Structures are given as structure tokens and as C-alpha cells.
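Reader: I'm new to this one and would like to know how the labels people put on a structure are reached. Could you take me through a few of them?

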Amino acid sequence: MSKVEDFLSKEEELTIVEAIRVAEKNTSGEIRVHIEQTTSKVPFDRALEVFHELKMNETQQQNGVIFYFAVADKTFAICGDKGINDLVAADFWDCTKDAMISQFKSGNFKQGIVDGILNAGEQLKKYFPWSEGDTNELSNEISKG
């Protein structure tokens with residue numbers, strides 16, 4: 001299961017997009033998922049590159065989050081924008097990563113991603129609560145490289 005198109009079924013992808021929608025109902029934060037085959041870079045560095053390629057650094061409150069996956073490498077990273085990182089503790093994403101890893105170890109990739117997204121939404125709500133007039137600044141669709 002090392003191909004991007006084999007990583008998640010269409011139904012699983014729809015479930016993940018729905019999880020993004022649900023998570024973003026509680027926060028003005030913007031969440032994206034990016035999946036690609038492999039990377040020659042450190043996953044976090046590649047996540048930062050994709051973050052900029054998807055223009056996630058252009059949100060009004062600098063509160064975008066990307067969940068990046070290199071499926072053949074069996075690696076992932078979570079990367080938040082400056083607005084988030086300026087406010088949160090350095091280990092902010094660790095509990096989210098840990099919850100995801102425990103699902104991944106059981107082969108539950110979709111559930112791990114969904115859990116991570118919903119956890120991110122809950123965490124972001126504390127710092128970036130949803131308010132009247134918030135618009136969805138970024139697509140909720142899964143991007144692929």
C-alpha cells in the first residue's frame with residue numbers, strides 16, 4: 001500500500017473531508033491534508049513547502065494547519081502557521097500525533113487522520129474560536145502530490 005491512490009478509498013477521503021468541515025465549525029483555523037508518495041526531504045520541511053504551495057500562509061489570522069503524509073515512506077508531519085505557533089507550547093501537536101500513530105499502528109489510517117483533524121479542531125478552538133462572519137478561506141479537499 002505504498003501508492004498515493006491506494007492509501008485511502010474514495011469513501012475514506014470523503015470521511016476525512018467531512019472531518020475537516022466538522023473541525024472547522026469550531027475554529028477560524030484552516031485545516032488541509034496533503035498526501036504524496038515519497039519525499040527526499042525531512043517530512044516537516046516538505047510539509048512547510050507544501051504549506052506554501054497551497055497558499056496556506058495567506059490566511060487572515062495565520063492559523064492554517066497541514067497534515068502531510070508521504071505514504072511510501074510511512075511518515076507524516078503536522079505543520080501550523082505562525083499565528084498558531086506564536087501562541088501555543090512547543091509540544092502542542094504531540095498529543096495529536098500520538099493519537100494518530102496509535103491508530104496507524106493498527107492499520108487504521110483513515111481513523112488516525114480523522115482523529116488528528118478533530119483533535120486539531122478542538123485544540124485550535126481555544127486560540128482561534130469560530131466567530132460570526134468567519135469564511136472558509138481554504139479548500140477542504142485532500143491535495144495530492
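Author: Happy to, and keep in mind that this is a predicted model. Let's start with Lys110, which has 23% relative accessibility.

Reader: What makes Lys110 count as buried, partly exposed or exposed?

Author: Buried would need a value under 20%, and exposed one over 50%. Lys110 has 23%, so it counts as partly exposed.

Reader: Where is Lys110, and which residues is it in contact with?

Author: Lys110 belongs to helix H6. Setting aside neighbours within four places in sequence, its contacts are Leu8, Glu12, Thr15 and Ile16. Contact here means heavy atoms within 4.5 Å. By comparison, the C-alpha atoms of Lys110 and Asp45 are separated by 23 Å, with their positions 65 residues apart along the chain.

Reader: And Leu48, what is its label and where is it found?

Author: Leu48 is in helix H3. Its relative accessible area is 33%, which lies between the two cut-offs, so Leu48 is partly exposed. Its C-alpha atom is 21 Å from that of Gly112, a residue 64 positions away along the chain.

Reader: Why is Lys74 called buried, partly exposed or exposed?

Author: The relative accessible area of Lys74 is 77%, and exposed means over 50%, so Lys74 is exposed. You'll find Lys74 in the loop between S2 and strand S3 (75–80).

Reader: What is there to say about the phi of Lys74?

Author: Phi of Lys74 is near 55 degrees, a positive value in a residue that isn't glycine. Most residues other than glycine have a negative phi. Lys55 also has a positive phi, about 60 degrees, although Lys55 is not a glycine.

Reader: How do you know which exposure label fits Lys55?

Author: Lys55 has 48% relative accessibility, and exposed would take over 50%, so Lys55 counts as partly exposed. Its place is the loop between helix H3 (43–53) and strand S2 (64–70).

Reader: What about Pro129, where does that one sit?

Author: Pro129 is in the loop between helix H6 (109–127) and strand S4 (143–144). At 47% relative accessibility, Pro129 falls between the cut-offs and therefore counts as partly exposed. Leaving out residues up to four places away in sequence, Pro129 touches Asn26, Thr27, Ser28, Leu124 and Asp134. The C-alpha atoms of Pro129 and Asp115 are separated by 19 Å, and these residues are 14 apart along the chain.

Reader: Stepping back, how many helices and strands does the protein have?

Author: There are 6 helices and 4 strands. Their order from the N terminus is α-α-β-α-β-β-α-α-α-β.

Reader: How do you know whether the radius of gyration agrees with a compact globule?

Author: A compact globule with 145 residues would have a radius of gyration near 15 Å, and the protein has 14 Å, so the value agrees. The C-alpha atoms fill a box of roughly 40 × 30 × 25 Å along the principal axes. As for burial, 45% of the 145 residues count as buried, which means they have under 20% relative accessible area.

Reader: What share of the contacts joins residues 24 or more positions apart?

Author: Among contacts with a separation of 6 or more, 71% are between residues at that distance along the chain.

Reader: Which residues does UniProt list for "domain: TPM"?

Author: The unreviewed UniProt entry gives residues 5–121. That span is 50% helix and 17% strand, and its end C-alpha atoms lie 26 Å apart.

Conventions:
Residues numbered from 1 in each chain as written. Predicted model: local features only at pLDDT ≥ 70, side-chain atom pairs only at ≥ 80, totals over all residues. Heavy atoms only, no water. Helix = DSSP H or I, 4+ residues; strand = E, 2+ residues; numbered from the N terminus. Rg over C-alpha atoms; globule rule 2.2 N^0.38 Å. Buried < 20%, exposed > 50% of the residue type's maximum accessible area, 1.4 Å probe, protein only. UniProt positions renumbered as here; feature names shortened; annotations may be inferred.
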